[in-house]
Amino acid sequence: MALIGRPNVGKSTLLNHLLGTKLAATTHKPQTTRKNLLGILQPPGGQLLLLDTPGYHQAKGPLNRFMVEQARRAIDDADVIGYLVEARADNAVTPGNERLLKVVEAAGKPVVLLLNKIDRLKDKQGLLLQLQTYSDRLGERMKAAVPISAYRGDGLTEAVVELARALPEGQAFFDDDRLTDASERAVAAEFIREKVMLATKEELPYSAAVTIDAFEDQRPKIVRILATIHVERDSQKPIVIGKQGERVKRIGVAARRDLEFFLDSKVYLELHVRVTTEWSNTPRGLAELGYGEPAAPDLGALAAPDTDVDLSALADLSPEELAGWVDEDSSSDGDPPDPDHAGPK
Ligand SMILES: Nc1nc2c(ncn2[C@@H]2O[C@H](COP(=O)(O)OP(=O)(O)O)[C@@H](O)[C@H]2O)c(=O)[nH]1
Ligand SMILES: [Mg+2]
């Protein structure tokens, strides 16, 4: 299932609280999450796959487009949508949520509405107005609505129960001790980026990215990590480094603390700051810093294309014959066209 919502509504906080450990980066700044991140919740006798997503917002520029595309893809792939909205005491739907609500309506999937940050809401009665609005709009698709505080933990058991109830039964995908499908390297990069965001206030908008240059796992002794913080412009470098390097040092100390907890090991962390000009403005720059298409085709790419050919004869083929067919197809014209040789311009 996918955790969907506007930037800053608390999706990543919810994921972390449910998993009982910090996995996703969370800050008070919008657009902290840039890429979908899978958390695997393992209640007794089941497995819930929760996809944390970037906030749904109006996309300007390649990085924002990538982020919104991630959220859309999560909606497409999910069996159930966990739709987070900020709890409020009236029936208003903010313009941002209105756009997202339309996407959720169009997806036609079961929705569990999660009204987050109830700890900040004084007038709990007013929640009913908000609930009614969403229930009118989503109709039967809305399977449940649960007021929660992702931060404090209120309502989370009920939220999980409702999400699990809305999910179809299926095979467990992962081993029962897995927390995520993301690599430790990827998580390390996110933890460091979170600390950069927290340490830089508004001076450095959203132009930092982190790559891991080396990850030497010498557990149980130590994990040695070398990472680069990429900024877009020369003027941003001193903002991250700080006076006599004090800021980057603080970033390192804070990131190392989280990493030692996550990796359950002593960690040696070395950070470098580099200007990677306009990395967020080109698809190539984005891909190089980890915001590109995954190397392996995703399920979307493997979906059967529309065809008017009668495929019923396939049913009579043995598996061996079928394998032969598939091979032959993919070596001739089954491959997607090479974008660099896509014919006359
Ligand atoms: N008061 C309150 N704050 C919350 C709650 N959940 C999240 N937050 C805060 O909202 C901000 C955004 O959280 P985050 O999880 O990064 O939001 P995301 O962008 O939806 O992933 C952070 O400062 C969180 O501490 C909650 O239940 N109550
Ligand atoms: Mg987030």
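**Figure 1. The low-confidence segment, residues 295–345.** In this predicted model, pLDDT stays under 50 across residues 295–345. The model gives this segment 9 contacts beyond four places in sequence. For the protein as a whole, pLDDT averages 87. A score of at least 70 is reached by 85% of the residues.

**Figure 2. The overall fold.** The protein has 11 helices and 9 strands. It runs to 345 residues, of which 31% count as buried. Take the contacts between residues at least 6 apart in sequence: 68% of them join residues at least 24 apart.

**Figure 3. Helix H6, residues 184–199.** H6 has 16 residues. From first C-alpha to last it reaches 23 Å, close to the 22 Å expected at 1.5 Å a residue. An unbroken list of H6 residues is buried: Val187, Ala188, Ala189, Glu190, Phe191, Ile192, Arg193, Glu194, Lys195, Val196 and Met197. Charged side chains are in that list, including Glu190 and Arg193. Just after H6, lysine 201 takes a positive phi of about 45 degrees.

**Figure 4. Packing partners of H6.** The buried residues of H6 pack against two strands, E7 (209–218) and E8 (222–231). They also pack against helix H7 (237–241) and helix H8 (246–263).

**Figure 5. The shell around ligand 1.** There are 21 residues around ligand 1. Gly10, Ser12, Thr13, Thr26 and Tyr151 come nearest. By class, the shell has 13 polar, 4 nonpolar and 4 charged residues. Helix H1 (residues 11–19) gives the most to this shell, with 3 residues.

Conventions
Residues are numbered from 1 along each chain as its sequence is written. Chains are lettered from A and ligands numbered from 1 in the order in which they are written. This is a predicted model: local features need pLDDT of at least 70, side-chain atom pairs count only at pLDDT 80 or more; totals for chains, interfaces and linings use all residues. pLDDT is the predictor's confidence in each residue, from 0 to 100. Two residues are in contact if their C-beta atoms, placed from the backbone, lie within 7 Å. Helices (H or I, at least four residues) and strands (E, at least two) are DSSP runs, numbered from the N terminus. The expected span of a helix is 1.5 Å times one less than its number of residues. A residue is buried if 20 or more other C-beta atoms lie within 10 Å of its own, exposed if 12 or fewer, and partly exposed in between; C-beta atoms are placed from the backbone. A residue is near a molecule or strand if its C-beta atom, placed from the backbone, lies within 6 Å of it.
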